[in-house]
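Q: I'd like a close look at one part of this protein, please. Take me through its largest pocket, and then show me how the rest of the chain is put together.

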Amino acid sequence: MAGLSRGSKIFQQNLKLTQLGKTGQIDEAIKVFNRITHPNTVTYNSMISVYAKNGRIYDARKMFDKMRLKNLVSWNTMINGYLFNGQVDKACELFDKMPERDHFTYALMITCFARNEELEKARNVFESLPDKSNVACWNAMLTGYSKAGRLNDARKMFDEMPIKNLVSWNSILSGYTQNGEMEFGVKFFEEMEEKDIISWNLLLDGFIGVGNLDSAKEVFAKIPYPNVVSRVTMLSGFARYGMVSAAERIFEQMPEKNEVAWNAMLAAYVQNGTIDMAASLFNKMSQRNAVAYTTMIDGYVRAGKLKEARDLLDSMPLKNVGARTAMISGYIQNNRVDEARRVFDRTATRDVVCWNTMIAGYAQCGRIDEALDLFKKMEPKSIVVWNTMIAGYAQVGQVEKALEMFEKMGERNVISWNSLISGYTQNGFYVDALKHFIMMARDGKKPDQSTFASVLSSCSNLAAEHIGKQIHQVVIKTGYVKNLSACNALIITYAKCGNIFDAEKMFKDVENADIVSWNSLLAGYALNGYGKEAVKLFEGMEETEVVPDEVTFVSVLSACKHAGLSDAGANLFEHMTKKYSINPSSEHYACMVDLLGRAGRLEDAFRLIKDMKTKVTPEMWGALFGACRMHNNLKIAGCAIVKLLELEPQTSTNLVVLSNMYADLGRWGDVERVRETIKKSGAGRLPGCSWIEDRKQLLVFLCGDDTSPQAAENFNVLLTLTAQMMDMCHIPPMTSFGLDFDD
């Protein structure tokens with residue numbers, strides 16, 4: 001009896017351990033474990049699971065290594081812990097050391113690789129199965145293919161299965177619905193030999209995912225016995241598309257409301273910014289779990305009510321890591337990083353998200369050294385935090401450090417490559433971005449829309465049209481040809497390479513073009529001097545009821561400027577302020593000054609600068625000075641150059657302008673003096689650079705580099721062209737320059 005009593009007690013204690021682990025009360029779980037005088041293998045397995053599920057995988061492994069008697073469940077629990085924390089390499093290492101394996105072990109490893117998008121490795125584990133009769137292993141492989149969007153592979157495997165169960169059917173259905181293939185999904189659903197509530201819910205969720213709420217409502221009405229998941233799915237669907245009243249009706253009609261239902265309605269209010277309604281519902285809840293508190297704290301953070309969020313956090317009976325992380329995120333979003341750090345320091349049990357949120361906060365605000373200090377303390381380091389550090393270094397311009405991080409990390413995913421490639425692009429290292437895009441393909445990682453956006457941006461900045469076309473083919477092959485961000489990147493790439501025809505074709509092929517699509521083509525017209533086409537496109541944009549933004553007007557005004565459409569530009573400038581209530585930025589004013597100046601309306605341009613309410617920039621005075629040189633207006637030119645030198649006396653641009661001015665006057669001694677000043681000041685430390693693609697080869701030219709064999713020939717051709725252009729445009733040389741600095 002005594003033995004039975006002790007066994008019963010251990011059973012209860014093991015059960016309590018598991019419950020505490022599920023609710024995140026890890027400190028309480030540790031106390032319970034330490035009070036157990038005779039822990040058995042189940043006790044150790046439970047505690048390993050508690051550690052792993054709460055992000056303390058290092059402690060889980062320490063306990064696993066201390067166990068004298070490990071059974072198969074112990075090994076599987078530890079592998080599952082690594083899987084839960086995304087440490088695939090550690091799981092593989094343990095898998096290789098196992099003295100024995102069962103079907104659950106194999107299913108775990110298949111799932112592990114599949115979740116990490118390493119489907120070939122998952123398939124290798126599957127093929128190594130001694131006995132392929134276990135349906136769970138087949139289903140793990142099916143799920144992996146389905147989630148990765150490899151639906152043909154999933155369907156082929158499904159057809160080859162010796163035995164299928166309901167999970168198998170639902171795995172294929174899930175593949176269709178989660179990947180938006182609703183036509184195939186509906187057909188497969190109708191062919192299913194048996195269906196359960198999960199099948200109906202998958203179909204329902206699929207229609208909601210593609211935004212087809214009418215079909216979703218029809219499916220919901222046909223479900224024989226809808227459960228809480230069915231109703232919460234429909235509720236969440238309404239909330240996702242801003243239909244809060246419809247979500248409320250579903251909630252009110254629920255025969256039974258469990259915690260999931262209450263939390264879903266709370267999330268619906270938060271998601272749609274109705275924080276007062278969320279607070280009212282939260283106060284009505286008879287039982288509030290950690291999810292409810294976290295959702296409400298997140299809602300206050302979104303609404304900018306940090307005091308209310310902090311008060312609620314302080315009132316939580318058991319402050320879980322999710323709620324604390326939401327508070328940390330709120331402080332970071334409001335640039336209160338030091339307060340975020342104080343909450344972080346008071347968080348005893350931190351998971352990967354908590355660590356990454358704090359490290360990302362430091363990185364985003366440029367405090368990269370503090371991010372690195374925290375990064376070094378994090379153990380173990382997840383792939384997410386490595387990626388955060390790479391992006392952080394790239395953001396502050398330390399690309400070499402970003403590459404160093406990239407090379408040090410063990411396992412890399414698509415985000416790792418994207419962080420590095422976008423870092424190169426953002427910092428002007430376009431060739432390096434393209435090189436690493438090629439290396440990414442060799443590493444077996446499939447590019448996504450973010451990858452294409454970065455590398456196409458590099459192509460456009462290099463005017464490397466041939467490479468851009470090759471990447472366009474990759475976009476098609478990888479199935480991103482209908483992705484909006486990839487299409488927009490292709491539009492601007494072709495436009496910047498001077499290929500307006502393909503840019504227009506790409507624009508016409510875009511389904512549901514957004515403001516970025518329109519702006520990309522407008523920018524292309526502006527870059528290539530298609531003023532009338534830009535104005536016509538803008539009119540088409542208004543007819544389609546796409547509301548233009550600040551970027552739109554910068555592009556269309558720039559296009560008018562290059563095409564000499566001063567009246568159209570002036571009308572658009574007025575249109576921007578009166579119809580769309582857009583306050584002109586310095587870029588808009590600079591376009592207008594340049595536009596008026598090129599048209600010879602120098603007095604109007606000068607008056608615009610004098611009367612403008614925003615800060616006058618050097619670019620505006622520079623544009624005015626250039627126009628004065630073109631139209632030989634000596635007085636306004638003198639005012640412009642003085643203002644330029646006042647604003648930026650040591651920049652290479654203004655000093656070069658001054659040098660050219662002296663050259664026009666024939667004052668070569670002053671020209672030499674200014675050039676010496678440029679060298680000494682370091683303003684010219686980075687020489688001007690241009691490039692052109694010729695015969696599929698990228699040719700780079702540096703300012704002042706006369707080492708090229710063709711340098712003398714190029715210079716002579718340039719002189720000839722300059723003389724011809726000045727003659728054709730009737731531009732008089734400024735042989736005299738009456739400098740009058742009075743207004």
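A: Let's start with a word you'll need: a contact means heavy atoms within 4.5 Å. By that yardstick, 55% of the protein's contacts with a separation of 6 or more link residues 24 or more positions apart. Bear in mind that this is a predicted model, where local features need pLDDT of at least 70 and side-chain atom pairs need 80 or more, while totals for chains, interfaces and linings take in all residues. Numbering starts from 1 along each chain as its sequence is written, and side-chain values use heavy atoms, leaving out hydrogens and water.

Now for your pocket (an open set of points on a 1 Å grid where a 1.4 Å probe fits, with protein on both sides within 12 Å along at least five of seven lines). The largest one has a volume, the space filled by probe spheres set on its points, of about 1200 Å³. It is lined by 32 residues (an atom within 4 Å of a point), and the closest to its centre are Glu 117, Ala 148, Gly 149, Lys 446 and Tyr 480. Two elements give two or more residues to this lining: helix H8 (119-127) and helix H27 (414-426). H8 gives the most, with three residues. By type, the lining has 14 charged residues (Asp, Glu, Lys, Arg), 10 polar and eight nonpolar.

Stepping back, the whole protein has 43 helices and two strands (DSSP runs of at least four residues for helices, at least two for strands). Of its 743 residues, 45% count as buried (under 20% relative accessible area, with a 1.4 Å probe).

What about the inside? The largest nonpolar core (buried nonpolar residues joined through side-chain atoms within 4.5 Å) holds 218 residues, and Ile 297 and Leu 624 touch the most other members. Helix H7 (residues 103-115) gives the most to this core, with eight residues. Leaving aside residues up to four places away in sequence, Ile 297 touches Ala 309, Leu 312, Leu 313, Met 316, Ala 323, Ala 326 and Met 327.

Two more spots are worth a click. Ser 558 sits in helix H35 (residues 550-563) and counts as buried because its relative accessible area is 13%. Beyond residues up to four places away in sequence, Ser 558 touches Ala 526 and Cys 591. Arg 673, in helix H42 (residues 668-681), has a relative accessible area of 45%, so it is partly exposed (between 20% and 50%). Arg 673 and Ser 659 are 14 residues apart in sequence and 8.7 Å apart in space, C-alpha to C-alpha.

Note on methods. Ala, Val, Leu, Ile, Met, Phe, Trp, Tyr, Cys and Pro count as nonpolar, Asp, Glu, Lys and Arg as charged, and the others, Gly among them, as polar.
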